[in-house]
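Please read the following report alongside the sequence and the three-dimensional model, which are shown just below. The text begins with a charged pair and then widens to the rest of the chain.

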Amino acid sequence: MSETTVGTALSTEERGDLAEKMLPVAGRLASIVRGDGGLQDVQHLLAGLGAQEQVALLVVLAGLVDPDTPVADALRWLEFNENGETIVPELPGWNQGVSLRDLGEELPVDTDPADLDEVAVARALKGDRSVRLSRAERLKAILTGRKQGKSYIEMDALLGYRPGSANKAVLRACRAAEARGETLEVAPPDSRVLTQQEVVAIRKEARAGATDVELALRHGVSRPAVSRLVSGATYAQYGGPLRGAPTSEEGSGGRRVTARQEAAG
């Protein structure tokens with residue numbers, strides 16, 4: 001079902017009222033956690049708020065954060081203590097452009113058909129921007145739109161999302177399905193001829209560790225087409241590293257070969 005309570009958009013007046021009332025509290029809390037106080041100060045500040053005010057405070061604090069901020073940048077304030085010692089370990093992906101928005105999208109999505117509002121999905125696919133979709137409903141809308149022949153870029157525009165959002169949503173859903181040993185049914189993209197630049201880019205991304213699913217969704221080609229391309233079965237006339245072939249620094253046995261060893265024959 002659609003998120004009629006939590007997910008309903010706040011009106012301009014409601015956002016203004018929340019900001020006016022809770023912004024000073026949010027500022028004080030931010031100052032405390034960044035060094036102007038301790039845990040007791042936080043507890044004392046929150047104890048003076050009612051349940052609705054605490055929810056409002058969370059909304060205002062969330063509104064102060066740019067969701068496209070890299071996670072590593074958002075948590076810079078946690079990295080060192082007063083002695084200059086690292087207190088938060090570096091997590092995989094933090095320095096690889098992962099944003100708060102990306103992190104939020106990794107939360108589990110309930111895809112139970114009973115919880116999907118098909119009417120809301122249908123309205124969204126007709127361009128109704130007033131309807132609010134849950135994450136599961138958004139995924140349903142994207143997959144349905146793809147089956148109707150719409151591109152990911154067209155789905156972003158139709159649903160009012162940032163460019164690339166639809167593609168990322170499906171990619172994450174595919175990864176989650178694979179982790180469960182399942183396969184997410186995604187409409188295959190229209191076949192098209194790739195340019196030399198695209199072929200080389202896909203092969204380089206594959207060599208860097210990207211999966212066929214990731215490459216297929218990212219470049220708008222089918223997964224089998226990606227598999228044939230990166231192995232050299234297709235587009236043999238173009239360059240780029242092939243899957244399974246040794247790099248320039250590796251010998252035929254897959255081991256690293258130095259310039260001196262090459263010279264020695």
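Arg123 is partly exposed, with a relative accessible area of 36%, where buried means under 20% relative accessible area, exposed over 50% and partly exposed in between, for a 1.4 Å probe and protein chains only. Its side chain meets that of Asp128 in a salt bridge, at 2.9 Å from N to O; a salt bridge here is a side-chain nitrogen of Lys or Arg within 4 Å of a carboxyl oxygen of Asp or Glu. Asp128 also counts as partly exposed, at 27% relative accessibility.

The model is a predicted one, in which local features need pLDDT of at least 70 and side-chain atom pairs count only at pLDDT 80 or more, while totals for chains, interfaces and linings use all residues. Residues are numbered from 1 along each chain as its sequence is written, and side-chain values use heavy atoms, with hydrogens and water left out.

The structure holds three salt bridges, and the table sets them out.

| Salt bridge | N to O distance |
|---|---|
| Asp128 and Arg123 | 2.9 Å |
| Arg243 and Asp212 | 2.9 Å |
| Glu53 and Lys21 | 3.3 Å |

The pair of Arg243 and Asp212 links distant parts of the chain, 31 residues apart, with Arg243 in the loop between H12 and helix H13 (259-264) and Asp212 in helix H11. Arg243 is partly exposed, with a relative accessible area of 40%, whereas Asp212 is buried, at 15%. Glu53 forms its salt bridge with Lys21, and because Glu53 lies in helix H3 and Lys21 in helix H1, this pair ties together parts that are 32 residues apart in sequence. Glu53 is partly exposed, at a relative accessible area of 24%, and Lys21 is exposed, at 51%.

Taken as a whole, the protein has 13 helices and zero strands; helices (H or I, at least four residues) and strands (E, at least two) are DSSP runs, numbered from the N terminus. Of the 265 residues in the protein, 28% are buried. Contact means heavy atoms within 4.5 Å, and among the contacts with a separation of 6 or more, 58% are between residues 24 or more positions apart. The protein exposes about 17200 Å², of which carbon and sulfur atoms supply 54%, the areas coming from the Shrake-Rupley method with a 1.4 Å probe, and for residues only the protein chains shown count as cover.

Which residues have the most contacts inside the largest nonpolar core? They are Ile142, Val170 and Leu217, in a core of 22 residues; such a core is a set of buried Ala, Val, Leu, Ile, Met, Phe, Trp, Tyr and Cys residues joined through side-chain atoms within 4.5 Å. Helix H6 (118-125), helix H7 (135-147), H8, H9 and H11 each supply at least two residues of this core, and H9 gives the most to it, with six residues. Leaving out residues up to four places away in sequence, Val170 touches Leu139, Ile142, Leu143, Tyr152, Leu184, Val186 and Leu217. In soluble globular proteins, nonpolar side chains tend to be buried together.

Helix H9 (residues 165-179) has 15 residues and reaches 21 Å from its first C-alpha to its last, close to the 21 Å expected at 1.5 Å a residue, a span reckoned as 1.5 Å times one less than the number of residues. Asn167, which is in helix H9, is buried with a relative accessible area of 15%, and beyond residues up to four places away in sequence it touches Tyr152, Leu217 and Arg218. Just after H9, Gly181 takes a positive phi of about 80°.

Helix H11 (residues 212-219) is largely enclosed by the rest of the structure, because seven of its eight residues are buried. The buried residues of H11 pack against helix H8 (152-159), H9, helix H10 (196-207) and helix H12 (223-231). H11 is followed by Gly220, whose phi is positive, near 70°.

Towards the start of the chain, Leu29 has its place in helix H1 (residues 12-36) and counts as buried, at 12% relative accessibility. Apart from neighbours within four places in sequence, Leu29 is in contact with Val42, Leu45, Leu57 and Leu61. Leu58, by contrast, is found in helix H3 and counts as exposed, at 58% relative accessibility.
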